[in-house]
Every structure is written in structure tokens, then in C-alpha cells.
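Q: Could you take a close look at one part of this structure for me? I'd like the aromatic part, and then how it sits in the rest of the chain.

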Amino acid sequence: MAWRVANSLLTLRDQFNAKFPGRNKASDGTIGDPSHQGTDSDHNPWYGGIVTAIDITHDPAHGVDIDRITDELQASRDPRIKYVIANGLIMDTRPQFNPWQWVRYTGDNPHTSHFHLSVVASPLCDDPRPWNLPILGGASTQPPTRPPTKPRFPLPEGHYFGLITGPNESHGGAPESMGGIPNEQYYVRLIQEELQRLGFAPNYPGWADGIFEQPTADAVSAWQRAYRPNSTSRWGEVWWDDWADLIRP
Ligand SMILES: [Zn+2]
């Protein structure tokens, strides 16, 4: 069957390619792979043979930070957006779903290696005008609504940041080949740097190494005792609610 990608999404992809020529595209996608077919994914051609969804790879080292981008999509209120998924959260614009609000995404894939954008199934999806996002150089008259963002909690339900020697649910900076999530050391380092900044960890260079071992667990426990004495989380582990208090809601 003949199919094509909605023009608005081709424009967005061209904007990213032009702005970040060296970006990683490993998790990019438009048309659904075999695992999507037979589902009602927007990656399948359905609206007059048009694919209305795109995935763009998370590559913060080259500037493609899906937290920042998806926040900017939210702030843009672009009428072409149907919904956006990134880092365990979904923002749906349709009136039956908390429109334009981020809520927990409960699908299988938490979308930590790319963000997903679906556009509306209407002629608007082919509107080829550039997307007005600050990260792409748009909205120059309109400064970002807040300083550069830190990521939201990137782990699936039931997982936490903890000892690298812990069970599979404990994420401590392991590489992807060892069962880690993409950029796992980066997330552990954010925790370590925040503990340093708050005075719960030694402040020498190199302490924040992206590997979660006992000294990091001890620093987390000390922070929890000070800031979250009634926490239901386990001591020395950084769960969703700890992350919300320590790094970012
Ligand atoms: Zn997708």
C-alpha cells in the first residue's frame, strides 16, 4: 500500500537534521515496524495512507535533549500536536485526556531513547510550516519559559536508581549492553551532583562519576533523612518520588 509521512513531521525532521547535523538517529522512526502492524499505532498509515507519528532519538551529547524538546512542544501549543510521549510521561491535547498536561505514561515502552510525536488526523497534519521551538532557533522574540530543564524520572514502573550491584530493577550506571537504560550514567551523575550541591556528598571533582555505589547510597540516605523523613521510598534508593523532590517534578 502506498503511504507517506505527514508533511508537518517531515518539516520537523528536516529542522532537527539541519540544526543538529551530527545527531544520533538510532531510535528515529516513522512507518511502523512489524511489531506496530496490527496495532492502532499512529506509525501505521491510516489517515488516507498517511503516517501521523514520528520518533526522534534522544542524543543530549549532540544537543537533542528530549526533555527540553517536549517541554517546548508543550509550550508551543501548536495545533498540529495530537500527543507527545517522552521519559515515562505523555501529554495528550485531546479534551478527554487532561489536555496539554504531562501525566504518567503506562505503555510498555517508557520512551527514554526517543520522543514520540503524533499529529492530528486532519488536513493540519500536512501543514508544512516550521515548528516554532526555541531549540530549533524559533520563537526568538519569546524566551524559553524557564531555564534549561533537568530530565524527568526516566525509569519504568517498579524501577529505581540504586546500587549497581542490586537487582535488575536497580539502576546504578550500567551500560545498555548490561541491562542499563540509555544514558544511565548521566542520570546517576545528576543525582550525585545534586547531593554534592546540597552538601550531602564530598565536593571533590570526580566523586560524581555516574556509578551508584555505597557512598552514593549513603549520601541519598542522609538527604532522605533530612528532607523526606516520612518517605515511603527505601533508604538509599532514588524512586520516582525521590527524584521529583531531588531533581525535578
Ligand atoms: Zn513512536
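**The aromatic cluster and its setting**

A: Let's start with the rings: Phe153, Phe161, Tyr186, Tyr187, Trp240 and Trp243 are joined by ring pairs into a cluster. Keep in mind that this is a predicted model. Across the structure there are twelve aromatic pairs. Take Phe153 and Phe161: their ring centres are 5.9 Å apart and the planes stand at 90°, so this pair counts as edge-to-face, the cut-off for that class being over 60 degrees. Neither ring owner sees much of the outside: Phe153 is buried, with 3% relative accessible area, and Phe161 is buried too, at 0%. The threshold behind that word is under 20%.

Aromatic rings also turn up with charges over them. Arg152 has its charged end over the ring of Trp102, 4.7 Å from the centre. Arg80 does something similar with Trp131, lying over the ring's face at 4.1 Å from the ring centre.

Now zoom out to the chain that carries these rings. Its secondary structure adds up to five helices and nine strands, and walking along the sequence you get β-α-β-β-α-β-β-β-β-β-β-α-α-α. The radius of gyration is 19 Å, close to the 18 Å that the globule rule gives for 249 residues, so the chain is as compact as a globular protein of that length. If you prefer box dimensions, the C-alpha trace spans about 55 × 45 × 35 Å along its principal axes.

Phe153 and Phe161 have company in being buried: 49% of the 249 residues count that way. As for contacts with a separation of 6 or more, 60% of them come from residues 24 or more positions apart. On the outside, the chain exposes about 12,200 Å², with carbon and sulfur atoms supplying 53% of that.

One more site is worth a look while you're in there, the zinc ion. Its protein donors are His43 (NE2), Asp55 (OD) and His116 (ND1), lying 2.1 Å from the ion. His43 sits in the loop between α1 (7–19) and β2 (50–51), while His116 belongs to strand β7 (residues 114–119), so the two histidines tie together parts that are 73 residues apart in sequence. Written as a spacing, the donor residues read H-x11-D-x60-H. Both histidines are buried as well: His43 has 3% relative accessibility and His116 has 5%.

Terms used:
Residues are numbered from 1 along each chain as its sequence is written. This is a predicted model: local features need pLDDT of at least 70, side-chain atom pairs count only at pLDDT 80 or more; totals for chains, interfaces and linings use all residues. Side-chain values use heavy atoms; hydrogens and water are left out. Rings of Phe, Tyr and Trp (its six-membered ring) pair if their centres lie within 6.5 Å; planes under 30 degrees apart count as stacked, over 60 as edge-to-face and the rest as tilted. Buried means under 20% relative accessible area, exposed over 50%, partly exposed in between (1.4 Å probe, protein chains only). A charge sits over a ring if NZ of Lys or CZ of Arg is within 6 Å of the ring centre and within 35 degrees of the ring normal. Helices (H or I, at least four residues) and strands (E, at least two) are DSSP runs, numbered from the N terminus. The radius of gyration is taken over C-alpha atoms; the globule rule is 2.2 Å times the number of residues to the power 0.38. Contact means heavy atoms within 4.5 Å. Accessible areas come from the Shrake-Rupley method with a 1.4 Å probe; for residues, only the protein chains shown count as cover. Donors are N, O and S atoms within 2.8 Å of the metal (3.2 Å for Na, K and Ca); water is not among the atoms, so sites may look incomplete.
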